[in-house]
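This report introduces one protein structure to a reader who has not met it before. It treats strands, aromatic rings, charged side chains and the surface in turn.

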Amino acid sequence: MKKAFTCFSFLFLAILVAPVLKAADVSGKALYQGDNTRPIGYTAVTLKNTDNNTLQTYNTGADGFYQFTGVPNGNYKLTGTTQIAGGGVTYYSAALVFLNVIGVYQLTPIQFLASDVDANGKIDMTDYNLIVNNILQKKPFPAGTWRFENVAFTISDLKDAPPHGLGGTLSGDVGGAFIPTANSTPALPLAQLGTLNVTVDQAFTTQILTQNELSITGAGIIINYPSELLQIESVEFKGADYQYNIADGQIRLIWGNPNTAPLNFNEGETFITIHGISRTAFTEGMTAGISLDGNTSIVNSSNKEQTKLNFASPLIKFGKPSLKISNYPNPFKNSTRLTIYTPEAGNAVLEVYNTRGQLVKSISAGALNAGYQEVILDADQMVKGYYICKIRVQAKTAVYTEAIRILKAE
């Protein structure tokens, strides 16, 4: 009996000193590029073992929070997937990839993940060109829309703390512009500068003007317009070798790269000229405004994203046609092309005044037909500075007048 008691005692002591299998809780948030203020909601966070087998999956709510309970000792990794809408791919992202390729910018690990849009584990000009094509034509990336980190960690008697966050990013959003909680990027300001009266099936020309001085080396410009009311025909930009695409209610324009010589704009200068035709659905009482999409991005001559961006454009309004005049380029050197729209035929006179109100040039444009026409203004004898260009059209039923401010550069 004593021997049996002794064996039982040893067994009891062995149980007391045997290692206890411990388990941990693994929790955290899916965060956009590791930013605590930008949770990625509605994400499937997956816990895997070292053999890449899925052990548990947690579907987060809007706050991106995930939790796995009772995870035993071992080696693990976390990753994620989501189906929420993408965005945030801007020209600044393309510029950062370009600068990394030429060796003047170091990507962070999450930026590397965003840059590797072909998912081949390296960053090169192929990634840059894919981002540019995505901006221009919305072509999808081989890597897919979303990329998530693979976070490796160990649980060993609770000595190693599990991760508290899982970073994710949209492919191509190297600059980190996207805001997951809004599923968008903030729109750029575009102030209303007067109105442009347009009737049904009428050709029109409008401009977006800079409201501050700019010196830029690259731009990815996205302009939204109501395609059910307006048909955009063509676009003009001051820089050479620009590309643009018009589709699905957007004008997408790309120009330059970080090695491009700076392009300078003065305050009040035409940034983009847009030519279009109003559709039959554009009827009395309607307006058709254009806007700058939040994914518009401009890089300055210091290879930084230009943050002070203020633009203005007239509101396109259904109304009786009126005399209109615009010019391109502006500023100009030796000459500029004046585009004139007159609602009815008549004899036209152009007059150019300096800022002191003195007449410096008068041009008889002769008989103009109703509609659009162009006149070249020779500025060889004009000194550098601002001028007011006025046009007067003597028509059968009325006298039409209009004026614009123009700038002789040198």
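## A charge and a ring

Over the ring of which residue does the charged end of Lys238 sit? The ring is that of Phe265, and the charged end of Lys238 lies 4.9 Å from its centre. The model is a predicted one, and the values below are computed from it. A second arrangement of this kind involves Lys390, whose charged end sits over the ring of Tyr353 at 5.0 Å from the ring centre.

Lys238 also takes part in a salt bridge with Glu269, in which the closest N and O atoms are 2.9 Å apart. This salt bridge links distant parts of the chain: Lys238 belongs to the loop between strand 12 and strand 13, Glu269 to the loop between strand 15 and strand 16 (270-278), and 31 residues separate them. Lys238 has a relative accessible area of 30% and is therefore partly exposed, whereas Glu269, at 2%, is buried.

## Aromatic pairs

Across the whole structure, a search finds 17 aromatic pairs. One of them joins Trp146 and Phe178: the ring centres are 6.3 Å apart and the planes stand at 75°, so the pair counts as edge-to-face. Trp146 is in strand 6 (residues 146-148), while Phe178 is in the loop between strand 8 (165-170) and strand 9 (190-198), 32 residues away along the chain. Trp146 and Phe178 are both buried.

Phe265, the residue beneath the charged end of Lys238, has an aromatic partner in Phe237; this pair is tilted, with 6.1 Å from centre to centre and 45° between the planes. Because Phe237 lies in strand 12 (residues 230-237) and Phe265 in strand 15 (residues 263-265), the pair ties together parts that are 28 residues apart in sequence. Phe237 and Phe265 are both buried. They belong to one aromatic cluster, which also contains Tyr242, Tyr244, Trp255, Phe271 and Phe311.

## Further salt bridges

The count of salt bridges comes to five. One of them joins Arg38 to Asp35, with 3.2 Å between the closest N and O atoms. Arg38 counts as buried at 15% relative accessibility, and Asp35 counts as partly exposed at 25%.

Another salt bridge is formed by the side chains of Asp248 and Lys138, at 3.8 Å from N to O. Here too distant parts of the chain are linked: Asp248 is in the loop between strand 13 (243-247) and strand 14 (250-256), and Lys138 is in the loop between helix 4 (125-137) and strand 6, 110 residues apart. Asp248 is exposed, with a relative accessible area of 66%, and Lys138 is partly exposed, with 40%. In addition, Glu236, Arg337 and Glu374 are joined into one network by salt bridges that share partners.

## An alternating strand

Strand 7 (residues 151-155) has side chains that alternate between two faces. Val151, Phe153 and Ile155 point to one face and are buried, while Ala152 and Thr154 point to the other and are not buried.

Strand 7 runs antiparallel to strand 5 (residues 74-82), and five bridges join the two. Among the bridged residues, Ala152 of strand 7 is the partner of Lys77.

## A nonpolar surface patch

On the surface, Val101, Ile102, Val104 and Met125 make up a nonpolar patch, which together has about 300 Å² of accessible area. Val101 is part of helix 2 (residues 91-101). With a relative accessible area of 32%, Val101 is partly exposed.

How values were computed: Residues numbered from 1 in each chain as written. Predicted model: local features only at pLDDT ≥ 70, side-chain atom pairs only at ≥ 80, totals over all residues. Heavy atoms only, no water. Buried < 20%, exposed > 50% of the residue type's maximum accessible area, 1.4 Å probe, protein only. Helix = DSSP H or I, 4+ residues; strand = E, 2+ residues; numbered from the N terminus. Pairing = 2+ DSSP bridges. Phe/Tyr/Trp six-rings, centres within 6.5 Å; stacked < 30°, edge-to-face > 60°. Lys NZ or Arg CZ within 6 Å of the ring centre and 35° of its normal. Patch = residues over 30% accessible without salt bridge, like charges linked within 9 Å, V, L, I, M, F, W, Y side chains within 5 Å. Areas by Shrake-Rupley, 256 points an atom, 1.4 Å probe, with all protein chains shown as cover. Salt bridge = Lys/Arg side-chain N within 4 Å of Asp/Glu carboxyl O.
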